[in-house]
Amino acid sequence: MGVILLLPFIVKLHIRNTSLGDLSWLPESMNRRADFFLYGKNVVLFVIAVIMILNIIDRILIRNEKAGNVKYLLPLCGYGIVVILSAIFSKSKDVALHGIIEQYEGMWVLLAYVIVAVYSYIVVQSEKDMECICMTMLTAGILQSVFGIVEILGGEILSTSLFRNIIVGHQYKELAGHMVFGFMGESYQRVSGTLYNSNYAGIYFAMILLLGIFLFEKWEGKKRIYAAAASVLSLVCLIGSGSKSAILCMIAVMIWRVAEALFRKQSKQVLYLLAVSAVIGCGYFIYDSAFGVHTIQRITESLDLQEKTDKLTDIRVYRDHISIIWDGETYALCMEKEGKSLYPHVFAKDGSELELVSDEKRQICWPETMEGQDIYLQCYYKDGVPYMAVFHNDIRWLFTDVVDDQYTYINIWGKPDEMISAPSVGFKGKEHWFTDRGYIWSRTIPLLKNKILIGSGPDTFMLQFPQNDYVARAAQGYGFFSEIITKPHCMYLQIAVQTGVLSLVFFLCLPIGAGIKYRRKRYRNLKKGVEKQTDHTYVEGIECLIVFYLFTGIANDSMVVLAPLYWVLLGVFVKNVKPTLDKARPVS
């Protein structure tokens, strides 16, 4: 129960010294980073996993209890072995073992996930056990919604004096008065609670809402009221999170559930699910109108399928000049030193020099043939160092010729860096799709060719991604250009890159295999006419949450704030599929 009820609420300041600031594409400030929502959960999860191991040993070796058919756990074993091998052979072993900033999901955490699933498989054996897990999830959802409701009302529980002092502890108590929590969206504060990010908060509340929908139909009396209360609070916080992926995946799951109910000719459940969907839709419409969240509008914008291209498509730095490709044409740029003055020159591909138009007041110039095309040049000295700057799309490209006596790019962190054009697959002109995920995915897929058996190591994605693919990133705007890409925003690419494509196969084997077995047996029962005599609510609800989580993995990463809950549900689902199918229980 600690994984469900305790882990999501862990918030603790941890300041870590890293060597990341030594990397050319990161600022010096990255050498020392603070974390509040991830590292503490990492530590607590590890402690819980150790306790689970001891409990498993006690049950199996001391009390001689049956563990069930362990062959179903073979994919978990395979996944764990590949994770270990990826960490052993990683070039960044410290990161692979202990994790990296903004993630903290190293080898020990991934193995803890496996332990959580195995423990759930062994321990949860009856419908009463599943009911206990569902009740605990609803309770955790209600507690988490308290944080969310306060955020919606403009407050922040974590920013109160009591919580700030608990979070920072005695060691950093002088920082308590300077901390303000809250995840800011556009013109409103989005719900994030203790779950690090509003997207993960949205996914969490959607899972609680889906569970509440199932339990409201099954339970009666006070338990039904409890399920209804958890559902309503979760719906409010889900909408308040502004999470686009959560609502899109929830729509997909609801469509699937309605289609399956139609197939099984369960007209009452169809009407119930349609009524629930209508309530959720009205909730979004009312909330959007009242608080100006504009969730539907934001979803539409992220799904904009129109191709977008930028005139600046390439920059190459050579010893004696800078080459740019502008609107399909190649130009050479250089600066001339004359006394204390600097003069820019632009040459066409045929060697002819372009005439420049100057704006003395702004101290910029531009080629006459590019008048009004949002590209400007500027040369200046700073601290005795000569610089040439190219301005486009609110981004400054800065170059100097004093590093190794040749032209060098100086990035936004003030560091010399090499500019590359990273290999890409797909999304040409569509890099902006799904909130710039098109760009990240297109540059991540080429990384997989050398990671079939093992990956680069757990939590090493940030070190593998071509962070210095500057020009392509700039085409998405300054916000994305200045962002440090720490994750692929796709759980499946994350797994494939970090622990190998083989580990992804193992990861998917268990939920897909168990799901196929569950579906096949249910359809057989349906043909035999015994399906209506069996109550599948708990297993069906848990399966629904697993499918939902796997859907959200398309556009979100595995994170310690949410992943442990999935692994609990996975172990429970795999263990209880067969008993539910084999034992027809009268519907209560």
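This is a short talk on the two largest pockets of the structure above, which is a predicted model.

I'll start with the largest pocket. The space in there comes to about 1,100 Å³. It is lined by 41 residues, and those closest to its centre are N199, F434, T435, R437 and H489.

Where does the lining of the largest pocket come from, in terms of elements that each supply at least two residues? There is one strand, β3 at 183–184, and then the helices α8 at 198–218, α10 at 244–263, α12 at 295–302, α13 at 433–444 and α16 at 478–481. Of these, α13 gives the most, with 6 residues. F434, T435 and R437, from the list of residues closest to the centre, fall within the 433–444 range of α13.

By class, the lining of the largest pocket has 17 nonpolar residues, 12 polar and 12 charged.

Now the second largest pocket. Its space is about 690 Å³. Here 30 residues form the lining, and E431, R443, A472, A475 and Q476 are the closest to the centre. Two or more residues each come from α12, from β5 at 312–317, from α13 and from α15 at 470–474. Which element has the largest share of this lining? That is β5, with 5 residues.

As for classes, the lining of the second largest pocket divides into 8 nonpolar, 10 polar and 12 charged residues.

One last point, on the elements. Both α12 and α13 are on the list for the largest pocket, and both are on the list for the second largest pocket.

Terms used. Residues are numbered from 1 along each chain as its sequence is written. This is a predicted model: local features need pLDDT of at least 70, side-chain atom pairs count only at pLDDT 80 or more; totals for chains, interfaces and linings use all residues. Side-chain values use heavy atoms; hydrogens and water are left out. On a 1 Å grid over the protein atoms alone, a cavity is a set of points where a 1.4 Å probe fits but cannot get out, and a pocket is an open set with protein on both sides within 12 Å along at least five of seven lines; lining residues have an atom within 4 Å of a point. Grid points are joined across faces, edges and corners, and a volume is the space filled by probe spheres set on the points. Helices (H or I, at least four residues) and strands (E, at least two) are DSSP runs, numbered from the N terminus. Ala, Val, Leu, Ile, Met, Phe, Trp, Tyr, Cys and Pro count as nonpolar, Asp, Glu, Lys and Arg as charged, and the others, Gly among them, as polar.
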